[in-house]
Structure formats: structure tokens, C-alpha cells
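Visitor: I am new to this one. Please show me the structure, and then let me ask about it.

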Amino acid sequence: EPDTAVRRARTIERLRQMLQSTIGLRTNVVAVDVVAPDPDVAKRIGDLILARVNEFNLASRQTSATAERRFIEGRVVEARARMNEAEARLRVFLETNRVWEGAPQLQFAKDRLEREWQFQSELYASLAQSAEQARIDAVRNTPAITIVEHPNRPPRRDSPRVAAKAAVGLVLGLLLAALWAVVRE
């Protein structure tokens, strides 16, 4: 076809007709069969499908991990700021209240400020660890798809045998027409 969009659409449709896939519900194994007139073409299509599925899976995992990394890094900045604020409040309290041990209200306020600082510190540490893991995941290029069996070249040509099927259909059609004519007579 001179028009590339039409040519692309027809190619996609032809490939859809050549492919058959099944999913094992218990095993989560996806089997893809390629039916093509040439065994080498069938193997090459199988290899390309496997390569593209791996590329797509890897790219989508890395994109997801990158988005997660950006989100977590933003949360790390916020958590660090809140931790620093809690630490500053605790420092100001300790500087302004040098003798707090004897006053229950001051002891309570100090304990509250320490708990807040401790919580913010733990939150910051947890988010920093998550951010580091997300950075690692964003550059990880380990495929998540395990290949059970690589595409192999079929030993013989697998064709739909259109001519044989047409001949059988023609013979059956003639027999039915003859039978119908006899029944009518």
C-alpha cells in the first residue's frame, strides 16, 4: 500500500491472525504460538515478540520506579524540614528553660518536644531509606519475565492449506447440492 497508515494497519491485522496466545491460570505461564508460512519467519516473529515484551516490561517498571523515587524524594525534603523544625523547638525550649527537672509542666513539655523530634527523625530515616531503594529500582535493568522456553524454529512448514480446504468444501458442496436435487425430485 502506498499509504503507510493503511500498510501498518494491514500488517498489524495480519500479525494478529498469525498469533495465538494462551495463559495458564495456575502457573501464570503465557504461551504464544506463531503460525506463518515460513518456519524461520515464525521463529523470528516469536523472538521479536519476546524482546518487545521484555523491553516494555522493563521500561514500565523503570518509569514507575522513577515516579516513585521523585515522590519519595519530595517527601524526604519535607520530612527533613519538619525534623529540623522539631529539633529547633526542642533546642529553644532547653535554652530558655535551663531548670526543667523540678517543674512537672516543663518536664511534660520537654518530653512532648522530644517525642515529636524522635518521630520526625524516624520518619526522615525511613523515607531516606525508601528513597535510596527507589533510586536503585529506577536504574535496575533486571527483567521480571522469566523465559521458560525460547522460541524455536518449527521442524516443518505450518500452513493453513487453503487449497485443500477449498477442494474439500467444493466436493462437499456438490454432494449436498446433488442430495438436495434428489430429495426435491
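**A first tour**

Guide: Start at R70, which lies in helix 2, residues 39–96. Keep in mind that this is a predicted model.

Visitor: Does R70 count as buried or exposed?
Guide: The cut-off for exposed is over 50% relative accessible area. R70 has 56% relative accessibility, so R70 counts as exposed.

Visitor: How far apart in space are R70 and A131?
Guide: Along the sequence, 61 residues separate R70 and A131. In space, take the distance from C-alpha to C-alpha. That distance is 8.3 Å.

Visitor: Which residues make up the largest nonpolar core?
Guide: This core has 6 residues. Helix 2 and helix 3 (104–139) each supply at least two residues of this core. The full list is I72, V76, A79, L127, A131 and A134.

Visitor: Which residues does A79 touch, leaving out those up to four places away in sequence?
Guide: A79 is one of the residues of the largest nonpolar core. A contact needs heavy atoms within 4.5 Å. With residues up to four places away in sequence left out, A79 touches Q120, Y124 and L127.

Visitor: What about V77: buried or exposed?
Guide: V77 is found in helix 2. Its relative accessibility is 53%. Exposed means over 50%. Therefore V77 counts as exposed.

Visitor: What separates the C-alpha atoms of V77 and Y124?
Guide: Along the chain, V77 and Y124 are 47 residues apart. Between their C-alpha atoms the separation is 8.6 Å.

Visitor: Where does N28 lie?
Guide: Phi of N28 is near 60 degrees, a positive value in a residue other than glycine. N28 has 65% relative accessibility, so N28 counts as exposed. As for its place, look between strand 1 (19–24) and strand 2 (29–34): N28 lies in the loop.

Visitor: How far apart in space are N28 and L175?
Guide: In sequence, N28 and L175 are 147 residues apart. From C-alpha to C-alpha, the distance in space is 47 Å.

Visitor: Now the whole protein. In what order do its elements run from the N terminus?
Guide: The secondary structure comes to 4 helices and 2 strands. Read from the N terminus on, the order is α-β-β-α-α-α.

Visitor: What is the radius of gyration of the protein?
Guide: The C-alpha atoms fill a box of roughly 120 × 40 × 35 Å along the principal axes. A compact globule of 185 residues would have a radius of gyration near 16 Å. The protein has 35 Å.

Visitor: What share of the residues in the protein is buried?
Guide: The protein exposes about 14400 Å², and carbon and sulfur atoms supply 58% of that area. Buried residues are those under 20% relative accessible area. Of the 185 residues, the buried share is 16%.

Visitor: How far apart are the mean positions of the positive and negative charges?
Guide: The protein has 29 positive and 24 negative charges. Take the mean position of each set. The two are apart by 6 Å.

How values were computed:
Residues are numbered from 1 along each chain as its sequence is written. This is a predicted model: local features need pLDDT of at least 70, side-chain atom pairs count only at pLDDT 80 or more; totals for chains, interfaces and linings use all residues. Side-chain values use heavy atoms; hydrogens and water are left out. The radius of gyration is taken over C-alpha atoms; the globule rule is 2.2 Å times the number of residues to the power 0.38. Buried means under 20% relative accessible area, exposed over 50%, partly exposed in between (1.4 Å probe, protein chains only). Accessible areas come from the Shrake-Rupley method with a 1.4 Å probe; for residues, only the protein chains shown count as cover. Lys and Arg count as positive and Asp and Glu as negative; His and the chain ends are not counted. The place of a charge is taken as NZ of Lys, CZ of Arg, CG of Asp or CD of Glu. A nonpolar core is a set of buried Ala, Val, Leu, Ile, Met, Phe, Trp, Tyr and Cys residues joined through side-chain atoms within 4.5 Å.
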